[in-house]
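Work through the exercises below with the sequence and the 3D view at hand. Try each task before reading its solution.

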Amino acid sequence: MALLTPLLAFLYHLPQVYKWLLKPYYVASLFMSVAFLLIRKTPGICEHLSTQREDGNPCDFDWREVEILMFLSAIVMMKNRRAITVEQHVGNIILFSKVANVILFFRLDIRMGLLYLTFCIVFLMTCKPPLYMGPEYIKYFSDKTIDDELERDNRVTWIVEFFANWSPECQSFAAVYADLSLKYNCAGLKFGKVDIGRYGDVSKKYKVSTSPLSKQLPSLLLFQGGKEVMRRPQVDKKCRAVSWSFTEENIIREFNLNELYQKSKKLNKSKGDWSDKLNESQFPPLHEEEEPEVDAQGEETETKKDK
């Protein structure tokens, strides 16, 4: 059952995964993930490799290489149990495949290991995973606008994501957060984001650490009346985040989004009623009964003048 669930989830999202795999970042990552497999199995290359197999076949895995690959599979399965989105599943597979390739290449030939490790470092520094570019109802804050927006209308509830572009967890969560904004955004409930990797002062003011060791990225903060009401993940006394899964179901339950949305709809309706009353006071309707009297009086006046 543990293997069947992720397999079904992968098949369900296969069209979306196919689009991601066509992007240059994922194409290059997939080639790097299977680099050792290609070299070990490609005729004309594998004959020149060393092997510890008893039959001396250099074009097949030896027992130690099989052991490393099996250990990799176990780690990927454990990590993917906590993965939220398909991007995280694919990201975990690519990450640990590269780690296994580094170990296998160093074991095969230290020169090949150094060459592959250099490629990985250059790729990490020059290529970034593609950012989410789908539809969303999210306002992006800067260090100069966040306070003004949160305090502008005390009736508006804000859910703000504190993120950093370099964080893989934030990149994976982007699609989930965008989907929530499409479902729950309205006049009284709004969604925002602020890049604390770029605006360090905001990070300090709202006490969200950008350190990877703190595991506070991403962080969701709920503001009502311009003041923080709650946040996830929570932070312990050592300034470390309490483990929390950023699934759509958890966010809806913990932040009580359904109830907040219903209250916000009432606020939206009251704003509409108020604007209607304002329009009525500025432009009072004409009474139909008065028009004939004005016309009649005008005709009588003209008749008297003619006489």
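The exercises treat a predicted model and go from its sheet to its salt bridges, surface patches and backbone details.

**Exercise 1. The sheet**

Task: In what order do the 5 strands lie in the open sheet, and which of them stand at the edges?

Solution:
1. Reading across the open sheet, the order is β1-β3-β2-β4-β5. The pairing is mixed.
2. The edge positions belong to β1 (138-141) and β5. Each has a single partner strand, so one side of each is left without a neighbour in the sheet.
3. On average, neighbouring strands are turned by 30 degrees against each other, direction ignored.

**Exercise 2. The partner of β1**

Task: Which strand is joined to β1 by 4 bridges, and which residue stands opposite Lys139?

Solution:
1. The 4 bridges lead from β1 to β3, residues 189-195.
2. These two strands run parallel.
3. Opposite Lys139 stands Gly192, a residue of β3.

**Exercise 3. A salt bridge**

Task: Find the acidic partner of Arg107 and state where both residues lie.

Solution:
1. The structure has 15 salt bridges. In one of them, the side chain of Arg107 meets that of Asp62, at 3.3 Å from N to O.
2. Arg107 belongs to helix α6 (residues 86-108). Asp62 is in the loop between α4 (35-41) and α5 (63-80).
3. The two residues are 45 residues apart, and the pair links distant parts of the chain.

**Exercise 4. Two surface patches**

Task: Which residues form the nonpolar patch, and which form the positive patch?

Solution:
1. The nonpolar surface patch consists of Phe106, Ile110, Leu114, Leu117, Ile121, Leu124 and Met125. Together they have about 700 Å² of accessible area.
2. Helix α7 (residues 110-126) supplies the largest share of this patch, 6 residues. Ile110 is in this helix.
3. The positive surface patch is made up of Lys79, Lys215, Lys238 and Arg240.
4. Arg240 sits in the loop between β5 (227-232) and α11 (248-254).

**Exercise 5. Backbone details in the loops**

Task: Where are the cis peptide bonds that join Leu217 to Pro218 and Arg232 to Pro233, and what is the phi of Lys207?

Solution:
1. The cis bond between Leu217 and Pro218 has an omega of about -5 degrees. Pro218 is in the loop between α10 (200-205) and β4 (219-224).
2. For the cis bond between Arg232 and Pro233, omega is about 0 degrees. Pro233 is placed in the loop between β5 and α11.
3. Lys207 has a positive phi of about 55 degrees, although this residue is not a glycine. Lys207 lies in the loop between α10 and β4.

Note on methods. Residues are numbered from 1 along each chain as its sequence is written. This is a predicted model: local features need pLDDT of at least 70, side-chain atom pairs count only at pLDDT 80 or more; totals for chains, interfaces and linings use all residues. Side-chain values use heavy atoms; hydrogens and water are left out. Patches are made of residues with over 30% relative accessible area and no salt bridge: like charges are joined within 9 Å, nonpolar side chains (Val, Leu, Ile, Met, Phe, Trp, Tyr) within 5 Å. Accessible areas come from the Shrake-Rupley method with a 1.4 Å probe; for residues, only the protein chains shown count as cover. A salt bridge is a side-chain nitrogen of Lys or Arg within 4 Å of a carboxyl oxygen of Asp or Glu. Lys and Arg count as positive and Asp and Glu as negative; His and the chain ends are not counted. The place of a charge is taken as NZ of Lys, CZ of Arg, CG of Asp or CD of Glu. Two strands pair if DSSP finds at least two bridges between them. Axes are lines fitted to C-alpha atoms, for helices over the stretch in contact, and angles run from 0 to 180 degrees between N-to-C directions.
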